[in-house]
Each structure stands twice: as structure tokens, then as C-alpha cells.
Amino acid sequence: MEKINVAREAAEVAEFWSQRVLASGNGNLFKVARGIGSTNWHSHDDQDEVFLVIEGHITIQLRDRDIDLEPGDLLVIPRGTEHCPIAHEEARFLLVGPEVTSNAAGGKPDWSYTTPAKACCPDAADSPGRQAPRPASAQPCSARHDGH
Ligand code: NI
């Protein structure tokens, strides 16, 4: 039994929009992730998605409105509800749920799959095969955000 620093663990997640499992208890996994740019529209049919923002800001786009989250804010997205998180600057958050949501169901943008470890860090920008995060090319989820 050891304590875990959620903020520190979140900062060390190498790939954006990927979940790192920190702990489990009472049938739930406690996971952290980092986000920047936009994901894709998706929903989770198997579980509610529980967000607790640790650092930064993230907007949860829903089909009928946006919900802005800042550090300390908790949001439960009911299972089956379409959503599309977008972070204009890096956001770090805790997720709580019975399983890791799959990449396919998680709305993870394509560019995130090829982002190597520490792509966030400018001093690593000259490494071979480097592909920096490209949030600017990750288009917001829906046309209603075009032009913003
Ligand atoms: Ni989701």
C-alpha cells in the first residue's frame, strides 16, 4: 500500500488521450490521461465516463452544448452519450471506471497513436521519427465549431 501522486503521474503519461492505470479499488480503475487538441466524437456503451480535471482546461463537447471543465471540476458523462473532449491547451485529468475505455471507443485522434514518448518536450524535437502533437490539425468534432 503506497500513496500515488495523481498530478505527477498524469504529467508523465507519454501519449496524449491515452490512459494510464494508477490504482484499482472497489471495482473501479483510477486512470490518468493528458489531452491536447480534439478527440473524435464517440460514446461508451459499457460505462459512464468520469472526468476529474487535475490541471488545465478541457471542454466536453456534447451534441447540444459544451461543458467547460477546470481544475477540480468533476463530470460524469452517462454511458451511451456522445461526446468529444477538446483541450485548447494541455489538460490533465483523472478518469474513474471499471475498465480502460478502448482506443476505438475513446475517440482518440489518429495523430496521437504515433506520438512518441516525451513528444511534448521541445528539447526532444530533434529525435529521429519524432512526430510532435499536432493539435492544430486535429479538427474540432463538428462543423459547428468551424471558424473558431
Ligand atoms: Ni470518452
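Helices and strands here are runs assigned by DSSP, at least four residues for a helix and at least two for a strand, and they are numbered from the N terminus. With that in hand, let's find valine 13: look in the loop that links helix H1 (6-11) to strand S1 (20-25). Keep in mind as you look around that this is a predicted model.

Is valine 13 buried, exposed or something in between? It counts as partly exposed, because it has 19 C-beta neighbours inside 10 Å, and a residue needs 20 or more to be buried. Setting aside the residues within four places of it in sequence, valine 13 is in contact with Ser18, Arg20, Val32, Ala33 and Arg34. You can also trace from valine 13 to glycine 35: they sit 22 residues apart along the chain, and their C-alpha atoms are 10.0 Å apart in space.

Now zoom out. The protein has three helices and seven strands, and if you walk along the sequence you meet them in the order α-β-β-β-β-β-β-β-α-α. Of its 148 residues, 27% count as buried. Among contacts with a separation of 6 or more, 64% join residues 24 or more positions apart.

Next, see how some strands line up. S3 pairs with strand S6 (residues 74-77) in the antiparallel sense, over four bridges, and there you'll find phenylalanine 51 opposite leucine 75 in S6. S3 also pairs with S7, again antiparallel, this time over five bridges. On that side, glutamate 55 has arginine 92 in S7 as its bridge partner.

What about the inside? The largest nonpolar core has 17 residues, and the ones touching the most other members are Ala33, Phe51, Val53, Ile58, Ala87, Ala91 and Phe93. Strands S2 (28-38), S3 (49-55) and S7 (83-97) each supply at least two residues of this core. S7 gives the most, with six residues. Take alanine 87 as an example: leaving out residues up to four places away in sequence, it touches Gly35, Ile36, Gly37, Gly56, His57 and Ile58.

Finally, how far can you trust the picture? The mean pLDDT is 78, and 68% of the residues reach 70 or more. Over residues 114-139, though, pLDDT stays under 50, and the model has 32 contacts beyond four places in sequence for that stretch. Residues 143-148 also stay under 50, with one such contact. Where pLDDT is low, the predicted coordinates shouldn't be read in detail.

Methods: Residues numbered from 1 in each chain as written. Predicted model: local features only at pLDDT ≥ 70, side-chain atom pairs only at ≥ 80, totals over all residues. Core = buried A, V, L, I, M, F, W, Y, C linked by C-beta atoms within 7 Å. Buried ≥ 20, exposed ≤ 12 C-beta atoms within 10 Å, placed from the backbone. Contact = placed C-beta atoms within 7 Å. pLDDT = per-residue confidence, 0-100. Pairing = 2+ DSSP bridges.
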